[in-house]
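Dear colleague,

Please find below the structure that I am passing on to you. I should be grateful if you would read the notes beneath it with the coordinates open.

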Amino acid sequence: MTDLVFIGGGHSHAIALKLWGKKPLLGINITLISNVKNTPYSGMLPAYLAGYYSYQESHINLEKLCQFARINLIIDEVINIDCQNKKIMCKSGEKVNFDLLSIDIGSNPKISNIEGANLYGIPAKPVPFLLEKWQEIIKNSQENNLENLILTFIGGGAGGVELAINTHKRLTKILSPEKLTINLIHKGNRILGNHNEWVSYKLMDILINKNINIYLNSTVKTIKKEEVILTSGKQIISNYHFLVTEASAPLWLKNSSIMTDENGFILIKNTLQSINYDFIFATGDIANMINYPHPKAGVFAVKQGLPLYENICNLLNHKSLKCHYPQKYYLNLIGISDETAVASWGYFSWESPLLWYFKKYLDTAFMKQFTEL
Ligand SMILES: Cc1cc2nc3c(=O)[nH]c(=O)nc-3n(C[C@H](O)[C@H](O)[C@H](O)COP(=O)(O)OP(=O)(O)OC[C@H]3O[C@@H](n4cnc5c(N)ncnc54)[C@H](O)[C@@H]3O)c2cc1C
């Protein structure tokens, strides 16, 4: 019997496993190894922090998905892969054999270049740690008569901006505005630097209207318990420091013999296979499509779910594999709470409450395919 193992319950795997449950191939033993039972849906994460969605509404239940797809679920963290002997090493000490492997483990914000970040920073990923800290902040704000609460977000991309706006939304329901300070620190000269200028300036206006302090052209050097220090020497007093910096890959991947780019992301072909092992597939943030590099965003991981399922089936059926071509432009709907959203699609951009409802419709429809299994 062929052993097919999926590592990580990311967006592409969730879709591929659902398809597997609907149309399985006989004679294949499938296992998912995930370090969480519930995996967050990125499109809903900021709105979950703002209180628009519940935990269940914004997370895919992997136990239920695996039951539906009749596959084994191991809750453990993968720490290495021996490609020669086709063995996966888990944190618990368990070793799992495979014939065919698929990796969709996402990415984490880069923290290695900021002193003290591993001690005092709160990376936006892994999400469970972010949520644990967020609950602590909510509890602290509700139960203690706080004089002042200061949150600092490091990284002015879409993730950092959405987190700043949505945490502001939730906390202003608990604390009076004068007790809350939110800072956003960005190293570039405009936030959302990979979007068009209208989007950057629109979001700047929105942040300013909410009294969120924006520090542009500012690079964080050190994080201490109660302050963030910039390379310019400026000290910013802060209680909680969130890292939403550029994506990075886990170090253990470098110890496996899977070929990666200079940042540690798995290099893949258009068939979604690793460039040096045809029996290994990789998708989502952790993969770098060598011929078509694209930004790290959930939308690409979602789109890779169907071709991943089809190509694994093709390989198992000894058929030729199809090429997947990621879209050049993608629609980014940035939820800015207050029930409105900004759309960014290449040179096109728009702000409207209609977009908020459109985003809500798309995100809810995405989750429905898993809640209704
Ligand atoms: C705050 C924030 C907001 C964002 N908002 C958006 C948005 O609105 N739209 C958008 O398109 N993108 C958004 N993104 C980006 C998006 O989150 C990622 O691009 C997307 O999650 C990537 O999906 P993935 O399938 O690669 O991995 P993930 O969704 O990260 O899933 C990876 C899974 O693998 C598990 N895992 C990780 N390591 C291991 C291991 N060693 N062993 C076992 N399991 C493991 C993880 O727990 C997780 O369940 C946002 C990011 C952030 C930080």
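The notes below take the ligand site first, then one helix, one histidine and some points of backbone geometry. Please bear in mind throughout that this is a predicted model.

The ligand site

The ligand is surrounded by 31 residues, and the closest of them are His-11, Asn-35, Thr-39, Asp-104 and Asp-285. Three of these residues place a polar atom beside an oxygen atom of the ligand. For Asn-35 it is a polar side-chain atom, at 2.6 Å from a ligand oxygen. Asp-104 likewise uses a polar side-chain atom, at a distance of 2.7 Å from an oxygen of the ligand. With Asp-285 the polar atom belongs to the backbone, and the distance to a ligand oxygen is 2.8 Å. On its own the ligand has 1000 Å² of accessible area, of which the protein covers 88%. Strand 2, helix 7 (158-171) and helix 10 are the elements that contribute two or more residues to the shell. Sorted by class, the shell consists of 13 polar, 11 nonpolar and seven charged residues.

Helix 11

Helix 11 runs over residues 305-316. From the first C-alpha to the last, its 12 residues reach 17 Å, close to the 16 Å expected at 1.5 Å a residue. Nine of the 12 residues are buried, so the helix is largely enclosed by the rest of the structure. The buried positions are Gly-305, Pro-307, Leu-308, Tyr-309, Asn-311, Ile-312, Cys-313, Asn-314 and Leu-316. Their cover includes four strands, namely strand 1 (2-7), strand 2 (28-34), strand 9 (100-103) and strand 21 (280-282), together with helix 1 (11-22) and helix 10 (298-303). Strand 2 and helix 10 thus appear in the cover of helix 11 as well as in the shell around the ligand. After helix 11 comes His-318, which has a positive phi, near 55°.

His-195

His-195 sits in the loop that connects strand 13 (180-185) with helix 8 (197-209). Its relative accessible area is 10%, so this loop residue counts as buried. The His-195 side chain makes two polar contacts that deserve a look: one with the side chain of Ser-344 at 2.7 Å, and one with the side chain of Asn-332 at 3.4 Å. Leaving aside residues up to four places away in sequence, His-195 touches Ala-158, Arg-190, Ser-200, Asn-332, Ile-334 and Ser-344.

Backbone geometry

Two further residues have a positive phi without being glycine: Arg-70, at about 55°, and Ser-337, at about 50°. Both lie in loops, Arg-70 between helix 4 (62-69) and strand 5 (72-75), and Ser-337 between strand 23 (332-335) and strand 24 (341-345). Their surroundings are in contrast: Arg-70 counts as exposed because its relative accessibility is 61%, whereas Ser-337, at 0%, counts as buried.

Finally, the peptide bond between Lys-125 and Pro-126 is cis, with omega at about 5°. Pro-126 belongs to the loop between strand 11 (121-123) and helix 6 (127-143).

With kind regards

How values were computed: Residues are numbered from 1 along each chain as its sequence is written. This is a predicted model: local features need pLDDT of at least 70, side-chain atom pairs count only at pLDDT 80 or more; totals for chains, interfaces and linings use all residues. Side-chain values use heavy atoms; hydrogens and water are left out. The expected span of a helix is 1.5 Å times one less than its number of residues. Buried means under 20% relative accessible area, exposed over 50%, partly exposed in between (1.4 Å probe, protein chains only). Contact means heavy atoms within 4.5 Å. A polar contact is a pair of N or O atoms within 3.5 Å; within protein, one must be able to donate a hydrogen and the other to accept it, and residues adjacent in sequence count only if both atoms are side-chain atoms. A residue is near a molecule or strand if one of its heavy atoms lies within 4 Å of it. Accessible areas come from the Shrake-Rupley method with a 1.4 Å probe; for residues, only the protein chains shown count as cover. Ala, Val, Leu, Ile, Met, Phe, Trp, Tyr, Cys and Pro count as nonpolar, Asp, Glu, Lys and Arg as charged, and the others, Gly among them, as polar.
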